[in-house]
Every structure is written in C-alpha cells, then in structure tokens.
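Student: I have a new model open and would like to practise reading it. Could you take me through it step by step?

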Amino acid sequence: MSLLRKFLNQTRKPEGFLGKLMLNGMSFGHAKIADWAMSLLNVPEPDEIVELGCGNGRDAGKLLKKYACSKLTAIDYSPLSVEKTSKNKKK
C-alpha cells in the first residue's frame, strides 16, 4: 500500500503517526465551518453535552469553554482520537 493510500485511510480510524497528522489536518481543515456552527449555538447551558466523533478534541475544548458548567462526553472509536481529546481538553 502506498504512503498516500495509508495516509488517506487514516480518515476512517486514525492511529499512529499518520493518524496524528490526519487528526491535525482535519481539525485545521474543518475549523472555519466548526467555528461557524459553534457560533450558532445560542442555547441556555445544557446539563450534558455529547460529542460523537470527537477527532482531536478541538471542538470538545470549545464546547467546554462555552458551556463551562456542563458535563461533556466525547466519543470516538479511534483510541488515538480519545487520547488526543483528553489531552486537548486539559489545555
């Protein structure tokens, strides 16, 4: 399998070094639309938030800042994504 194909396959379930690159690239690439969507969240602070497909945790961190008293559960089937989200939410 070529390096490009291995990298592109990381969109499914990121893992390892190439997975870290993919998570960062997707976070950067989706930042503008994610920020726009986040700006439309004008609801009272919820008790709980669930983020499905948390990626590298960028949006989970923004949700925690916007709704500081809410309980956030971020879910992903990639262990690498869960690990990166855990690290990013502590920043």
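Tutor: Gladly! Let's start with one residue: leaving aside residues up to four places away in sequence, I75 touches V50, E51, L52, G53 and C54. A contact here means heavy atoms within 4.5 Å. Before we go on, note that this is a predicted model, where local features need pLDDT of at least 70 and side-chain atom pairs count only at pLDDT 80 or more, while totals for chains, interfaces and linings use all residues. Residues are numbered from 1 along each chain as its sequence is written, and side-chain values use heavy atoms, with hydrogens and water left out.

Student: Where does I75 lie, and how far in space is I75 from C54?

Tutor: I75 belongs to strand β2. Its C-alpha is 5.8 Å from that of C54, although 21 residues separate the two in sequence.

Student: How are the helices and strands assigned, and in what pattern do they follow one another?

Tutor: They are DSSP runs numbered from the N terminus: helices are H or I with at least four residues, strands are E with at least two. In this chain there are 4 helices and 2 strands, and the order along the sequence is α-α-β-α-β-α.

Student: How do β1 and β2 run relative to each other, parallel or antiparallel?

Tutor: Two strands pair if DSSP finds at least two bridges between them. Here 5 bridges join β1 (residues 48-52) to β2 (residues 71-75), and the strands run parallel. The chain gets from β1 to β2 through helix α3 (residues 58-66), and this β-α-β crossover is right-handed. That term means that, with the strands pointing away from the viewer, the path from the first strand over the helix to the second runs clockwise. For individual pairs, look at I49, whose bridge partner in β2 is L72, and at V50, which stands opposite T73.

Student: Which side chains of β1 are buried?

Tutor: Burial is read from relative accessible area: buried is under 20%, exposed is over 50%, and partly exposed is in between (1.4 Å probe, protein chains only). Side chains alternate along β1, with I49 and E51 buried and pointing to one face. E48, V50 and L52 point to the other face and are not buried. As for I75 in β2, this residue is partly exposed because its relative accessible area is 42%.

Student: Is K84 buried or exposed, and which residues does K84 touch?

Tutor: K84, in helix α4 (residues 79-88), counts as buried because its relative accessible area is 18%. Beyond residues up to four places away in sequence, K84 touches K20, L23, N24 and N56. The C-alpha atoms of K84 and N24 are separated by 10.0 Å, with their positions 60 residues apart along the chain.

Student: What about W36 and P44: in which elements or loops do they sit?

Tutor: W36 is part of helix α2 (residues 16-39), and its relative accessible area of 53% is why W36 is called exposed. P44 sits in the loop between α2 and β1; with a relative accessible area of 69%, P44 is also exposed. From C-alpha to C-alpha, P44 and G25 are 32 Å apart in space and 19 residues apart in sequence.

Student: Now the whole chain: what box do its C-alpha atoms fill, and what share of its residues is buried?

Tutor: The box is roughly 50 × 25 × 20 Å, taken along the principal axes. Of the 91 residues, 31% are buried. Among contacts with a separation of 6 or more, 53% come from residues 24 or more positions apart.
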